[in-house]
Amino acid sequence: MTKVLAENIIKRFGSVTAINDVTIEFKHAELTVMVGPSGCGKTTLLRMVAGLEDPTSGNIHIGDRVVNDVPPWHRDVAMVFQNYALYPHMTVFDNIAYPLRSRGEPKSEIKGRVEQTAASLGLGHLLDRKPRQLSGGQMQRVAVGRAIVRRPGVFLMDEPLSNLDAKLRVEMRAELKRLQEDIGVTTIYVTHDQAEAMTMADTLIVMRDGVILQAGPPQTLYDRPDNVFVAGFIGSPSMNFLPCRYEGAGCLTGRGFTYPVPPPLRAPVEAAGAQPLVLGIRPEDIGVNPQPGPADTVLARVYMLEPLGRENLLTLEVGDVMIRALSGPDIAVSLDQTVALNFLPERVRVFDRTAEKALYPDA
Ligand SMILES: Nc1ncnc2c1ncn2[C@@H]1O[C@H](COP(=O)(O)OP(=O)(O)OP(=O)(O)O)[C@@H](O)[C@H]1O
Ligand SMILES: [Mg+2]
């Protein structure tokens, strides 16, 4: 079992606190993705697991041992970086074989392992080529091959796809995910692309400013975000946020709208009293009705309509807040028209605006 545990990790660079007391377990054989804005500490945490950086305090465990004093090459980890720098004068075979040769493995063993690894990555026919004769995606795969060929206990990847074009990225993320499932190696994967994070992760960790804001299955973070940041970071287009207050009578009231509090949220909203709140609703959970009736309480002005083929992306003004909604491709609205919005009650989230925390009935 090669789980990884980062325990009460603090990392300072001079006056900068890059990691601020993080405790997190990366489960055996799982693919855990760390995502968050630039500078939040993803690379720093990964480098501490790899042994390339020492924590200021706290312990890194790999498997059953504390590895703080174990050098990188004895940690049983392999790392792929954004700049995967292959050896340009070596063939694909030699690039992949390199870690085995430098460990002094027998020649016969090396040949078999390299061929097997190359085959699993679809590189079998490219073994004699030099890196300059490969496409970006193929080079990326060679870098991955070089990392997995020695069957590490832990596989660390820091934005390995960010040099690839958009289409190739999407293909490669599926390939990497499949490979990880096949070899079942504990993997920690860093990206700041939320779509990549969402699609690849068994467990998703959202970081900001050196702390973990939420960790769990991606769908849980999507459906039940703990706070405004996670709610806005996961999902594209992002969740909409409408500032509001609870002014009694069972309704949330904001500029230009009132909305009845969904029954499960009544108790926590009432408990929050007159605090400033935020109503959160995802674009796909908004129904748009071009013919408002007298009972409608959320009205919006159509600011823009962008056809995406399968659906339309509407930008709408509610009070003075711009929000976005996804509607079917057949909706007939014109710019500046007033429409009524129906928020799916079970998909409405309410946050404390000051603490930025989500209110849930059982929290
Ligand atoms: N060697 C260093 N010396 C000083 N400060 C550093 C060093 N390495 C990282 N930092 C700082 O630590 C913080 C976290 O950096 P880190 O590289 O871990 O962020 P990141 O989440 O990987 O960002 P990105 O998405 O841009 O790669 C940043 O404020 C960064 O400036
Ligand atoms: Mg980084």
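How many Å apart do the C-alpha centres of domain 1 and domain 2 lie? In this predicted model, the answer is 39 Å. The two domains come from the domain assignment of the protein chain, which places domain 1 at residues 4-232 and domain 2 at residues 241-359.

It helps to look next at how the two domains meet. On one side, ten residues of domain 1 take part in the contact, and on the other, nine residues of domain 2 do. The size of an interface is often given as the accessible area lost when the parts come together. For domain 1 and domain 2, this buried area is about 890 Å², with carbon and sulfur atoms contributing 48% of it. Within domain 1, the residues that lose the most area to domain 2 are Tyr222, Asp223 and Val228, which together account for 55% of what that side buries.

Polar and charged pairs also deserve a look. Six residue pairs are in polar contact across the interface of domain 1 and domain 2, with both residues of each pair at pLDDT 80 or more. Two salt bridges are found across this interface as well. Asp223, already met as one of the residues of domain 1 that lose the most area to domain 2, forms a salt bridge with Arg347, and the closest N and O atoms of this pair are 3.2 Å apart.

As for secondary structure, helices α7 (218-223) and α8 (228-233) each provide at least two residues of the side of domain 1 that touches domain 2. By residue class, that side of domain 1 is made up of five nonpolar, two polar and three charged residues.

Terms used:
Residues are numbered from 1 along each chain as its sequence is written. Chains are lettered from A and ligands numbered from 1 in the order in which they are written. This is a predicted model: local features need pLDDT of at least 70, side-chain atom pairs count only at pLDDT 80 or more; totals for chains, interfaces and linings use all residues. Side-chain values use heavy atoms; hydrogens and water are left out. Domain bounds come from an automatic or database domain assignment. Contact means heavy atoms within 4.5 Å. Buried area is the accessible area (1.4 Å probe) that two parts lose on being put together, summed over both. A salt bridge is a side-chain nitrogen of Lys or Arg within 4 Å of a carboxyl oxygen of Asp or Glu. A polar contact is a pair of N or O atoms within 3.5 Å; within protein, one must be able to donate a hydrogen and the other to accept it, and residues adjacent in sequence count only if both atoms are side-chain atoms. Helices (H or I, at least four residues) and strands (E, at least two) are DSSP runs, numbered from the N terminus. Ala, Val, Leu, Ile, Met, Phe, Trp, Tyr, Cys and Pro count as nonpolar, Asp, Glu, Lys and Arg as charged, and the others, Gly among them, as polar.
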